[in-house]
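Dear colleague,

I am handing over the structure below for your study. Please open it beside this message and follow the residues as they are named.

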Amino acid sequence: MSVEVIAIGGYEEVGRNMTAVKVGEDVIIFDMGIHLDRISIHEDTDIDRMHSLDLIERGVIPDDTLMKDVDGKVKGIVFSHGHLDHIGAVAKLAHRYDAPLIGTPYTAALIQKQINGERKFKVNNPIKTLNPGGKMKLSEDITLEFVQSTHSIPQAVFPVLHTPEGIIVYALDFKFDNHQKVSPPPDYRRLKELGRKGVLALIVESTNIKDTNEVKTYSERIARNILEDLMRGPLYEKTGMIVTTFSSHVERVQTIADIAKKSHREILFLGRSMERFCGIAESQGILKLPKNSSIYGSPKAVNKALMKAEDNREKYLLVTTGHQGEPDALLPRIANGKTPFNIKQGDNVIISAPIIPNPTNAANRHIMERRLKASGARIYANAHVSGHAGREDHRDFIRMLKPQHIIPAHGDLSMLSAYGELAEEEGYRIGNNVHILRNAQAQVFNG
(Lines give C-alpha, C1' and ligand atoms only; values in the text may rest on other atoms or scores of the structure.)
Protein backbone atom coordinates (compact mmCIF):
# COMPACT_ATOMS: atom_id res chain seq x y z
CA MET A 1 0.00 0.00 0.00
CA SER A 2 1.46 3.37 -1.01
CA VAL A 3 1.21 6.66 0.84
CA GLU A 4 1.13 9.87 -1.18
CA VAL A 5 1.41 13.41 0.20
CA ILE A 6 -0.06 15.99 -2.19
CA ALA A 7 0.91 19.66 -1.76
CA ILE A 8 -2.10 21.77 -2.73
CA GLY A 9 -1.44 25.13 -1.06
CA GLY A 10 1.04 26.66 1.37
CA TYR A 11 4.17 25.26 -0.28
CA GLU A 12 5.09 28.47 -2.11
CA GLU A 13 3.78 31.01 0.40
CA VAL A 14 2.88 31.60 4.02
CA GLY A 15 -0.84 30.87 3.98
CA ARG A 16 -3.62 29.17 1.96
CA ASN A 17 -2.64 25.89 3.60
CA MET A 18 -4.05 22.66 2.15
CA THR A 19 -2.50 19.20 1.95
CA ALA A 20 -3.95 15.84 0.95
CA VAL A 21 -2.66 12.46 2.12
CA LYS A 22 -3.66 9.38 0.09
CA VAL A 23 -3.34 6.00 1.78
CA GLY A 24 -4.31 3.24 -0.63
CA GLU A 25 -7.70 4.37 -1.96
CA ASP A 26 -8.49 6.66 1.00
CA VAL A 27 -7.75 10.40 0.97
CA ILE A 28 -7.56 12.74 3.97
CA ILE A 29 -7.40 16.50 3.40
CA PHE A 30 -5.74 18.78 5.95
CA ASP A 31 -6.84 22.44 6.15
CA MET A 32 -8.42 24.80 3.62
CA GLY A 33 -6.91 28.22 4.22
CA ILE A 34 -6.62 31.61 2.57
CA HIS A 35 -3.56 33.64 1.62
CA LEU A 36 -4.15 36.80 3.64
CA ASP A 37 -1.71 38.98 1.72
CA ARG A 38 -3.09 38.51 -1.79
CA ILE A 39 -5.98 40.96 -1.50
CA SER A 40 -4.94 42.67 1.74
CA ILE A 41 -7.36 40.50 3.69
CA HIS A 42 -7.36 40.96 7.45
CA GLU A 43 -9.42 39.32 10.15
CA ASP A 44 -12.46 41.54 9.51
CA THR A 45 -12.54 41.18 5.72
CA ASP A 46 -15.65 39.69 4.12
CA ILE A 47 -15.04 37.33 1.16
CA ASP A 48 -18.40 35.61 1.55
CA ARG A 49 -19.73 36.94 -1.78
CA MET A 50 -16.62 36.16 -3.85
CA HIS A 51 -16.49 33.12 -6.15
CA SER A 52 -13.97 30.35 -5.54
CA LEU A 53 -12.62 30.46 -9.12
CA ASP A 54 -11.91 34.19 -8.79
CA LEU A 55 -10.20 33.58 -5.45
CA ILE A 56 -8.13 30.71 -6.92
CA GLU A 57 -7.08 32.90 -9.86
CA ARG A 58 -5.96 35.65 -7.47
CA GLY A 59 -4.01 33.14 -5.40
CA VAL A 60 -6.19 33.77 -2.35
CA ILE A 61 -7.35 30.16 -1.82
CA PRO A 62 -5.71 26.84 -2.73
CA ASP A 63 -6.11 25.58 -6.28
CA ASP A 64 -7.63 22.22 -5.46
CA THR A 65 -8.66 21.48 -9.06
CA LEU A 66 -5.78 19.00 -9.16
CA MET A 67 -7.80 16.77 -6.82
CA LYS A 68 -9.95 15.78 -9.82
CA ASP A 69 -7.00 13.69 -10.98
CA VAL A 70 -6.47 11.98 -7.61
CA ASP A 71 -7.90 8.48 -7.78
CA GLY A 72 -9.39 7.95 -4.33
CA LYS A 73 -12.23 8.75 -1.97
CA VAL A 74 -11.94 11.67 0.46
CA LYS A 75 -12.80 10.31 3.91
CA GLY A 76 -12.34 13.46 5.97
CA ILE A 77 -11.29 17.11 5.90
CA VAL A 78 -9.27 17.76 9.05
CA PHE A 79 -8.40 21.16 10.52
CA SER A 80 -5.43 21.72 12.82
CA HIS A 81 -6.79 24.99 14.28
CA GLY A 82 -9.03 27.96 13.53
CA HIS A 83 -6.83 30.61 11.92
CA LEU A 84 -8.05 31.90 8.57
CA ASP A 85 -4.96 30.68 6.73
CA HIS A 86 -6.17 27.19 7.72
CA ILE A 87 -9.99 27.43 7.66
CA GLY A 88 -10.71 30.55 5.59
CA ALA A 89 -11.42 28.67 2.32
CA VAL A 90 -13.65 25.96 3.81
CA ALA A 91 -16.90 27.58 2.61
CA LYS A 92 -15.45 27.92 -0.90
CA LEU A 93 -14.06 24.40 -1.32
CA ALA A 94 -15.58 21.89 1.12
CA HIS A 95 -18.80 21.37 -0.85
CA ARG A 96 -16.77 19.67 -3.59
CA TYR A 97 -16.06 16.71 -1.29
CA ASP A 98 -18.46 14.19 0.21
CA ALA A 99 -16.65 14.12 3.53
CA PRO A 100 -17.06 15.41 7.09
CA LEU A 101 -15.24 18.47 8.43
CA ILE A 102 -13.32 17.55 11.59
CA GLY A 103 -11.87 19.90 14.20
CA THR A 104 -11.74 20.57 17.93
CA PRO A 105 -14.94 22.13 19.36
CA TYR A 106 -13.60 25.69 19.11
CA THR A 107 -12.26 25.17 15.57
CA ALA A 108 -15.53 23.50 14.54
CA ALA A 109 -17.54 26.47 15.85
CA LEU A 110 -15.37 28.88 13.83
CA ILE A 111 -15.84 26.71 10.73
CA GLN A 112 -19.60 26.71 11.26
CA LYS A 113 -19.53 30.50 11.53
CA GLN A 114 -17.54 30.67 8.28
CA ILE A 115 -20.09 28.46 6.51
CA ASN A 116 -23.06 30.38 7.92
CA GLY A 117 -21.74 33.59 6.35
CA GLU A 118 -21.16 32.07 2.92
CA ARG A 119 -23.26 33.62 0.13
CA LYS A 120 -22.03 31.82 -3.01
CA PHE A 121 -22.06 28.13 -2.11
CA LYS A 122 -24.21 25.78 -0.04
CA VAL A 123 -21.99 23.73 2.26
CA ASN A 124 -23.73 20.68 3.70
CA ASN A 125 -20.71 18.71 4.89
CA PRO A 126 -21.33 17.33 8.39
CA ILE A 127 -19.13 18.91 11.05
CA LYS A 128 -17.62 16.52 13.59
CA THR A 129 -15.72 17.47 16.73
CA LEU A 130 -12.76 15.66 18.23
CA ASN A 131 -11.14 16.76 21.48
CA PRO A 132 -7.37 16.93 21.98
CA GLY A 133 -6.30 13.44 23.03
CA GLY A 134 -9.19 11.83 21.17
CA LYS A 135 -9.25 9.36 18.25
CA MET A 136 -11.68 8.85 15.37
CA LYS A 137 -11.76 6.06 12.78
CA LEU A 138 -11.94 7.58 9.29
CA SER A 139 -11.79 4.36 7.27
CA GLU A 140 -10.89 0.72 7.64
CA ASP A 141 -7.19 1.59 7.37
CA ILE A 142 -6.97 5.10 8.86
CA THR A 143 -7.50 6.40 12.40
CA LEU A 144 -7.21 10.10 13.19
CA GLU A 145 -5.77 11.26 16.51
CA PHE A 146 -5.60 14.81 17.86
CA VAL A 147 -2.50 15.41 20.00
CA GLN A 148 -2.55 18.49 22.25
CA SER A 149 -0.47 21.38 20.92
CA THR A 150 -0.17 25.09 21.66
CA HIS A 151 -0.34 28.03 19.26
CA SER A 152 -1.74 31.58 19.29
CA ILE A 153 -5.34 30.32 19.19
CA PRO A 154 -7.12 27.88 21.52
CA GLN A 155 -7.47 24.16 20.87
CA ALA A 156 -4.68 23.88 18.31
CA VAL A 157 -3.68 20.25 17.75
CA PHE A 158 -1.29 18.02 15.89
CA PRO A 159 -3.56 15.86 13.67
CA VAL A 160 -2.02 12.39 13.43
CA LEU A 161 -2.97 9.66 10.95
CA HIS A 162 -2.42 6.06 12.02
CA THR A 163 -2.08 3.97 8.84
CA PRO A 164 -0.87 0.43 8.01
CA GLU A 165 2.30 2.00 6.57
CA GLY A 166 3.14 4.11 9.61
CA ILE A 167 2.19 7.32 11.36
CA ILE A 168 1.80 10.65 9.57
CA VAL A 169 2.01 13.84 11.69
CA TYR A 170 0.65 17.15 10.40
CA ALA A 171 2.23 20.00 12.39
CA LEU A 172 0.80 23.29 11.10
CA ASP A 173 1.05 25.43 13.31
CA PHE A 174 2.53 25.15 16.78
CA LYS A 175 4.85 26.40 19.48
CA PHE A 176 6.03 24.72 22.68
CA ASP A 177 4.41 26.78 25.44
CA ASN A 178 4.09 25.40 28.96
CA HIS A 179 2.59 28.55 30.50
CA GLN A 180 -0.59 29.49 28.65
CA LYS A 181 -3.71 30.30 30.65
CA VAL A 182 -6.37 29.03 28.25
CA SER A 183 -4.52 26.02 26.80
CA PRO A 184 -2.71 23.13 28.51
CA PRO A 185 0.92 22.42 27.51
CA PRO A 186 1.69 20.26 24.48
CA ASP A 187 1.46 16.51 25.07
CA TYR A 188 5.19 15.80 24.96
CA ARG A 189 4.70 12.30 26.35
CA ARG A 190 2.42 11.32 23.47
CA LEU A 191 4.73 12.86 20.87
CA LYS A 192 7.62 10.77 22.19
CA GLU A 193 5.39 7.66 22.17
CA LEU A 194 4.58 8.30 18.51
CA GLY A 195 8.29 8.60 17.82
CA ARG A 196 8.88 5.19 19.37
CA LYS A 197 5.99 3.65 17.41
CA GLY A 198 7.38 4.87 14.10
CA VAL A 199 6.54 8.10 12.26
CA LEU A 200 6.59 7.60 8.50
CA ALA A 201 6.29 11.30 7.61
CA LEU A 202 6.23 14.67 9.36
CA ILE A 203 4.51 17.51 7.48
CA VAL A 204 5.71 20.58 9.36
CA GLU A 205 5.49 24.37 9.25
CA SER A 206 8.61 26.36 8.37
CA THR A 207 7.25 29.83 9.20
CA ASN A 208 9.86 30.94 11.76
CA ILE A 209 12.73 28.73 10.69
CA LYS A 210 14.77 31.57 9.12
CA ASP A 211 14.32 33.96 12.05
CA THR A 212 17.63 33.84 13.91
CA ASN A 213 16.05 35.82 16.76
CA GLU A 214 13.54 33.02 17.37
CA VAL A 215 15.97 30.28 18.40
CA LYS A 216 13.42 29.07 20.94
CA THR A 217 10.08 30.84 21.02
CA TYR A 218 9.27 32.57 24.28
CA SER A 219 6.21 31.55 26.27
CA GLU A 220 3.06 33.66 26.33
CA ARG A 221 3.97 34.27 29.98
CA ILE A 222 6.60 36.73 28.69
CA ALA A 223 3.94 38.64 26.72
CA ARG A 224 1.83 38.84 29.89
CA ASN A 225 4.73 40.43 31.76
CA ILE A 226 5.41 42.91 28.94
CA LEU A 227 1.76 43.95 28.72
CA GLU A 228 1.42 44.28 32.47
CA ASP A 229 4.40 46.66 32.56
CA LEU A 230 3.15 48.68 29.58
CA MET A 231 -0.49 48.91 30.62
CA ARG A 232 -0.05 49.61 34.33
CA GLY A 233 0.65 53.36 33.99
CA PRO A 234 -1.63 54.34 31.07
CA LEU A 235 -4.65 52.58 32.60
CA TYR A 236 -4.71 55.16 35.38
CA GLU A 237 -4.02 58.25 33.27
CA LYS A 238 -6.86 60.58 32.27
CA THR A 239 -6.28 59.91 28.57
CA GLY A 240 -7.58 57.62 25.87
CA MET A 241 -6.13 54.14 25.69
CA ILE A 242 -6.16 51.58 22.87
CA VAL A 243 -4.66 48.08 22.68
CA THR A 244 -4.65 46.25 19.35
CA THR A 245 -3.92 42.56 18.87
CA PHE A 246 -4.99 39.52 16.85
CA SER A 247 -8.66 38.90 17.59
CA SER A 248 -8.00 35.16 17.26
CA HIS A 249 -5.30 35.34 19.94
CA VAL A 250 -7.70 34.50 22.77
CA GLU A 251 -4.82 33.92 25.17
CA ARG A 252 -3.62 37.51 24.58
CA VAL A 253 -7.17 38.87 24.85
CA GLN A 254 -7.51 37.07 28.20
CA THR A 255 -4.28 38.68 29.39
CA ILE A 256 -5.43 42.19 28.35
CA ALA A 257 -8.76 41.65 30.12
CA ASP A 258 -7.12 40.32 33.30
CA ILE A 259 -4.80 43.33 33.53
CA ALA A 260 -7.50 45.89 32.78
CA LYS A 261 -10.18 44.47 35.08
CA LYS A 262 -8.24 45.74 38.11
CA SER A 263 -8.60 49.31 36.81
CA HIS A 264 -11.63 51.63 36.71
CA ARG A 265 -11.86 51.39 32.91
CA GLU A 266 -14.61 49.56 31.05
CA ILE A 267 -13.14 47.27 28.37
CA LEU A 268 -14.62 47.54 24.87
CA PHE A 269 -13.67 44.76 22.44
CA LEU A 270 -14.37 46.20 19.00
CA GLY A 271 -14.60 44.64 15.55
CA ARG A 272 -16.39 41.90 13.66
CA SER A 273 -13.57 39.41 14.16
CA MET A 274 -13.37 40.26 17.88
CA GLU A 275 -17.01 39.29 18.11
CA ARG A 276 -16.43 36.09 16.14
CA PHE A 277 -13.30 34.72 17.81
CA CYS A 278 -13.87 36.04 21.33
CA GLY A 279 -17.63 35.57 21.36
CA ILE A 280 -17.30 31.86 20.51
CA ALA A 281 -14.43 31.42 22.97
CA GLU A 282 -16.49 33.04 25.71
CA SER A 283 -19.57 30.93 24.93
CA GLN A 284 -17.47 27.76 25.18
CA GLY A 285 -15.95 28.81 28.51
CA ILE A 286 -12.46 29.19 27.03
CA LEU A 287 -12.34 32.97 27.46
CA LYS A 288 -13.42 34.41 30.79
CA LEU A 289 -14.08 38.14 30.43
CA PRO A 290 -14.67 40.38 33.46
CA LYS A 291 -18.03 42.04 34.12
CA ASN A 292 -16.68 45.44 33.06
CA SER A 293 -16.21 44.34 29.43
CA SER A 294 -18.36 44.25 26.29
CA ILE A 295 -17.90 42.98 22.72
CA TYR A 296 -19.24 44.97 19.74
CA GLY A 297 -19.02 43.55 16.23
CA SER A 298 -21.31 45.32 13.76
CA PRO A 299 -20.17 48.68 12.36
CA LYS A 300 -23.19 50.39 13.91
CA ALA A 301 -22.53 48.91 17.37
CA VAL A 302 -18.81 49.74 17.11
CA ASN A 303 -19.55 53.37 16.23
CA LYS A 304 -21.97 53.73 19.14
CA ALA A 305 -19.32 52.36 21.50
CA LEU A 306 -16.71 54.73 20.06
CA MET A 307 -19.05 57.72 20.53
CA LYS A 308 -19.43 56.74 24.16
CA ALA A 309 -15.67 56.46 24.60
CA GLU A 310 -14.99 59.77 22.82
CA ASP A 311 -16.92 61.70 25.46
CA ASN A 312 -15.33 59.89 28.45
CA ARG A 313 -12.04 58.58 27.08
CA GLU A 314 -10.40 58.06 30.48
CA LYS A 315 -13.19 55.63 31.46
CA TYR A 316 -12.65 53.13 28.63
CA LEU A 317 -10.03 50.77 27.22
CA LEU A 318 -10.52 50.09 23.52
CA VAL A 319 -9.28 46.70 22.27
CA THR A 320 -9.35 46.82 18.48
CA THR A 321 -8.44 45.11 15.24
CA GLY A 322 -6.04 46.72 12.74
CA HIS A 323 -2.55 46.04 14.11
CA GLN A 324 -1.12 45.64 10.58
CA GLY A 325 -2.42 49.05 9.52
CA GLU A 326 -4.88 47.51 7.03
CA PRO A 327 -6.71 50.58 5.64
CA ASP A 328 -10.27 49.43 6.34
CA ALA A 329 -9.60 47.89 9.78
CA LEU A 330 -10.61 49.76 12.92
CA LEU A 331 -7.38 51.20 14.34
CA PRO A 332 -6.20 52.64 10.99
CA ARG A 333 -9.65 54.17 10.54
CA ILE A 334 -9.33 55.76 13.99
CA ALA A 335 -5.87 57.02 13.01
CA ASN A 336 -7.33 58.48 9.80
CA GLY A 337 -10.12 60.30 11.62
CA LYS A 338 -12.84 58.16 10.04
CA THR A 339 -14.61 57.12 13.26
CA PRO A 340 -16.41 58.93 16.11
CA PHE A 341 -13.33 58.42 18.31
CA ASN A 342 -10.47 60.84 17.65
CA ILE A 343 -6.92 60.49 18.87
CA LYS A 344 -5.88 63.33 21.18
CA GLN A 345 -2.64 64.51 22.70
CA GLY A 346 -1.43 62.05 25.35
CA ASP A 347 -3.53 59.04 24.27
CA ASN A 348 -1.74 55.70 24.62
CA VAL A 349 -1.71 53.01 21.91
CA ILE A 350 -0.23 49.58 22.61
CA ILE A 351 0.35 47.33 19.58
CA SER A 352 0.48 43.72 20.78
CA ALA A 353 1.42 42.21 17.43
CA PRO A 354 4.47 42.18 15.15
CA ILE A 355 4.55 43.44 11.58
CA ILE A 356 3.76 40.31 9.57
CA PRO A 357 6.65 40.18 7.04
CA ASN A 358 5.28 41.70 3.85
CA PRO A 359 6.08 45.04 2.15
CA THR A 360 2.42 46.09 2.14
CA ASN A 361 2.02 45.39 5.85
CA ALA A 362 5.22 47.27 6.67
CA ALA A 363 4.05 50.30 4.66
CA ASN A 364 0.53 50.25 6.13
CA ARG A 365 1.82 49.94 9.68
CA HIS A 366 4.30 52.79 9.16
CA ILE A 367 1.56 55.07 7.81
CA MET A 368 -0.79 54.21 10.68
CA GLU A 369 1.86 54.78 13.37
CA ARG A 370 2.89 58.09 11.77
CA ARG A 371 -0.71 59.34 11.75
CA LEU A 372 -1.29 58.24 15.35
CA LYS A 373 1.86 60.08 16.45
CA ALA A 374 0.90 63.17 14.44
CA SER A 375 -2.34 63.31 16.43
CA GLY A 376 -0.42 63.17 19.71
CA ALA A 377 -0.55 59.48 20.58
CA ARG A 378 2.19 57.70 22.47
CA ILE A 379 2.84 54.31 20.84
CA TYR A 380 4.20 51.14 22.40
CA ALA A 381 4.89 48.77 19.48
CA ASN A 382 5.40 45.00 19.25
CA ALA A 383 4.37 43.94 22.77
CA HIS A 384 4.35 40.39 21.51
CA VAL A 385 5.84 36.90 21.45
CA SER A 386 5.50 34.58 18.46
CA GLY A 387 2.95 31.80 18.12
CA HIS A 388 5.31 29.74 15.96
CA ALA A 389 8.08 27.37 16.97
CA GLY A 390 11.65 28.62 16.71
CA ARG A 391 14.57 26.82 15.12
CA GLU A 392 15.64 24.93 18.25
CA ASP A 393 12.02 24.00 19.02
CA HIS A 394 11.91 22.34 15.62
CA ARG A 395 15.13 20.48 16.40
CA ASP A 396 13.54 19.18 19.61
CA PHE A 397 10.43 18.22 17.66
CA ILE A 398 12.41 16.20 15.11
CA ARG A 399 14.23 14.41 17.93
CA MET A 400 10.93 13.57 19.66
CA LEU A 401 9.25 12.15 16.57
CA LYS A 402 12.26 10.68 14.71
CA PRO A 403 10.32 10.72 11.41
CA GLN A 404 11.55 8.66 8.48
CA HIS A 405 10.65 11.52 6.13
CA ILE A 406 10.15 15.27 6.56
CA ILE A 407 8.07 17.54 4.32
CA PRO A 408 8.41 21.25 5.22
CA ALA A 409 5.30 23.35 4.54
CA HIS A 410 3.69 26.74 5.23
CA GLY A 411 6.45 28.84 3.69
CA ASP A 412 8.15 30.08 0.56
CA LEU A 413 11.05 28.23 -1.03
CA SER A 414 13.64 29.94 1.17
CA MET A 415 11.78 28.82 4.32
CA LEU A 416 11.26 25.26 3.10
CA SER A 417 14.95 25.05 2.16
CA ALA A 418 16.00 26.48 5.53
CA TYR A 419 14.00 23.72 7.22
CA GLY A 420 15.82 21.23 5.00
CA GLU A 421 19.16 22.63 6.18
CA LEU A 422 18.09 22.20 9.81
CA ALA A 423 17.00 18.63 9.10
CA GLU A 424 20.38 17.94 7.49
CA GLU A 425 22.03 19.01 10.74
CA GLU A 426 19.97 16.23 12.35
CA GLY A 427 21.20 13.59 9.88
CA TYR A 428 18.58 13.90 7.12
CA ARG A 429 19.29 14.66 3.47
CA ILE A 430 17.37 16.92 1.08
CA GLY A 431 16.20 14.83 -1.86
CA ASN A 432 16.52 11.62 0.12
CA ASN A 433 14.34 11.85 3.22
CA VAL A 434 13.63 15.60 3.25
CA HIS A 435 11.24 16.51 0.44
CA ILE A 436 10.90 20.12 -0.76
CA LEU A 437 7.57 20.29 -2.59
CA ARG A 438 5.91 23.06 -4.56
CA ASN A 439 2.16 23.56 -4.87
CA ALA A 440 0.62 20.79 -7.05
CA GLN A 441 3.52 18.41 -6.49
CA ALA A 442 3.35 15.08 -4.65
CA GLN A 443 5.64 12.72 -2.77
CA VAL A 444 4.98 8.97 -2.77
CA PHE A 445 6.18 6.57 -0.09
CA ASN A 446 5.87 2.93 -1.17
CA GLY A 447 4.96 0.38 1.47
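The notes that follow take up a strand, a helix and a surface patch in turn.

Please keep in mind that this is a predicted model.

Strand β15, residues 316-320, is a suitable place to begin. This strand is mostly covered, with 5 of its 5 residues buried. Both of its faces are covered: Y316, L318 and T320 lie on one side, while L317 and V319 lie on the other. Two strands pair with β15. Strand β12 (residues 241-245) runs parallel to β15 and is joined to it by 3 bridges; here T244 stands opposite T320. Strand β13 (residues 266-270) also pairs with β15 in the parallel sense, over 5 bridges, and F269 stands opposite V319.

Helix α4 covers residues 105-116. Its 12 residues should span 16 Å at 1.5 Å a residue, and its end C-alpha atoms are 16 Å apart, so the two values agree. The buried residues in α4 are Y106, T107, A108, L110, I111, Q114 and I115. What covers these buried residues? The cover includes the helices α2 (84-87), α3 (90-93), α7 (250-260) and α8 (272-283), together with the strands β5 (101-103) and β6 (127-129).

The last point concerns the surface. Y218, I222 and I226 make a nonpolar patch of about 270 Å². Of these residues, I222 is placed in helix α6, residues 220-232. Is I222 buried or exposed? Its relative accessible area is 31%; because this value lies between the cut-offs of 20% and 50%, I222 counts as partly exposed.

With kind regards

Technical notes
Residues are numbered from 1 along each chain as its sequence is written. This is a predicted model: local features need pLDDT of at least 70, side-chain atom pairs count only at pLDDT 80 or more; totals for chains, interfaces and linings use all residues. Side-chain values use heavy atoms; hydrogens and water are left out. Patches are made of residues with over 30% relative accessible area and no salt bridge: like charges are joined within 9 Å, nonpolar side chains (Val, Leu, Ile, Met, Phe, Trp, Tyr) within 5 Å. Accessible areas come from the Shrake-Rupley method with a 1.4 Å probe; for residues, only the protein chains shown count as cover. A salt bridge is a side-chain nitrogen of Lys or Arg within 4 Å of a carboxyl oxygen of Asp or Glu. Helices (H or I, at least four residues) and strands (E, at least two) are DSSP runs, numbered from the N terminus. Buried means under 20% relative accessible area, exposed over 50%, partly exposed in between (1.4 Å probe, protein chains only). The expected span of a helix is 1.5 Å times one less than its number of residues. Contact means heavy atoms within 4.5 Å. Two strands pair if DSSP finds at least two bridges between them.
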